[in-house]
Amino acid sequence: MPDPHHPPADARALVSVVMPILDEERHLADAVAMVLGQDWAGPLEVVLALGPSTDRTDEVAERLAADDPRVRLVRNPSGRTPDALNAAIGAARGSVVVRVDGHAEIPADYVSTAVAALEETGADNVGGTMDARGTTPFERAVAAAMRSPLGVGASRFHTGGGAGSVDTVYLGVFRRSALERVGGYDPRFTRTQDWELNHRIRSTGGTVWFTPDLVVTYRPRASVRALARQYREYGRWRRVVATTHRGTVSLRYLAAPAMVLGTSAATVLGLVWWPALVVPGGYLAAVVLGGVAITRGEGWRTRLLAGPALATMHWSWGWGFLTSRPARLLADRG
């Protein structure tokens, strides 16, 4: 007997690919082409939620919609990701909803593999590996850090692993019924909206499933400043999630804040009692040696930059978590 909570993902069902778009002039045409080139045998539509871009993104999107009736456009005046996703989902007509970013690179079998996984597992959301790949030495160093437990912990969508139930996945391929059950994305969450949505899916009896058969190429930040900003925001908003959903903080999420506090305190203490400097010295040695280890086979510049990349991710995430003001962030949706 079919499970009413998990209706089948029919191979002939309409699949809606939703894409939040802002300042994606360079990548949008290629990203949409990868979606339209899927080997999915059933009907497919693409819904682009267009924010207030400052480049020629809207012109590119309008041309794509004019060239292919499967491409549809909706407006997202706020430019915020959760608003874009909710607008696109609201306009989408499919029973399966696939989230894809405007600069994502997905393989041709992404949709068919994901729908098969939904059918086989009965999950509400399926996702795979966020395969970070860079081109410059710094980007390659960041990519190595993002694929390593030394940089991001043991989340399977970062580091890989076997198929199974998980807390969250990268992007996501959803049953529409699950999104309707939980009310879509929470518009208050400027960041970490994926983790928060998946938490509510799991809290209402749903399953979030990781499969290594799904791989999406991710392009990391190109500068220390951009990387620091990204991970500071991750830390700030992860504390918002922890405040909103009590009991979701684990030791893994407290590691970076504890490192920032411990290393800072030991450095200050070391000014009057030098043995305390063993703590910051040990951390420095760990990130340098760890960076060299996770970039084995890379060029010397990438190997030298991996340590600074790791430290930037750790410190920015930890500092963001410690200085976060959840009530203010939730109240400010601008």
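Let me start with Leu171, which counts as buried because its relative accessibility is 2%, well inside the cut-off of under 20% that the term buried requires. I should say straight away that we are looking at a predicted model, and that Leu171 sits in strand β7, the stretch covering residues 170-175. What draws me to this residue is its backbone, since the phi of Leu171 is near 60°, a positive value in a residue other than glycine. Most residues other than glycine have a negative phi.

Leu171 has a counterpart in this respect in Thr192, where phi is near 55°, again a positive value in a residue that is not glycine. Thr192, however, is found in a loop, the one between α8, residues 176-182, and α9. Is Thr192 buried or exposed? With a relative accessible area of 17%, Thr192 is buried, because the cut-off for that term is under 20%.

From Thr192 we can move on to helix α9 itself, which spans residues 193-203 and is mostly covered, with nine of its 11 residues buried. Which residues are they? If you follow along on the structure, the buried ones are Gln193, Asp194, Trp195, Glu196, Leu197, Asn198, His199, Arg200 and Ile201. An α-helix has 3.6 residues a turn, so residues three or four places apart point the same way. After α9 comes Gly205, and here too phi is positive, near 95°, although in this case the residue is a glycine.

Let me turn now to Ser148, which has its place in the loop between α5, residues 137-146, and α6, residues 149-152. Ser148 counts as buried because its relative accessibility is 8%. Which residues does Ser148 touch, once its neighbours within four places in sequence are left aside? The contacts are with Gly153, Thr159 and Ile294. There is also a pairing in space to point out with Gly291, which is 143 residues away from Ser148 in sequence, while the two C-alpha atoms are 9.7 Å apart.

The last residue I would like to show is Asp131, which lies in strand β5, residues 125-132. Asp131 is buried as well, because its relative accessible area is 14%. Setting aside its neighbours within four places in sequence, Asp131 is in contact with Arg147 and also with Val215, Val216, Thr217 and Tyr218.

To close, I would ask you to keep two residues in view on the screen, namely Leu171, buried in the predicted model at 2% relative accessibility, and Thr192, buried at 17%.

Terms used:
Residues are numbered from 1 along each chain as its sequence is written. This is a predicted model: local features need pLDDT of at least 70, side-chain atom pairs count only at pLDDT 80 or more; totals for chains, interfaces and linings use all residues. Side-chain values use heavy atoms; hydrogens and water are left out. Buried means under 20% relative accessible area, exposed over 50%, partly exposed in between (1.4 Å probe, protein chains only). Helices (H or I, at least four residues) and strands (E, at least two) are DSSP runs, numbered from the N terminus. Contact means heavy atoms within 4.5 Å.
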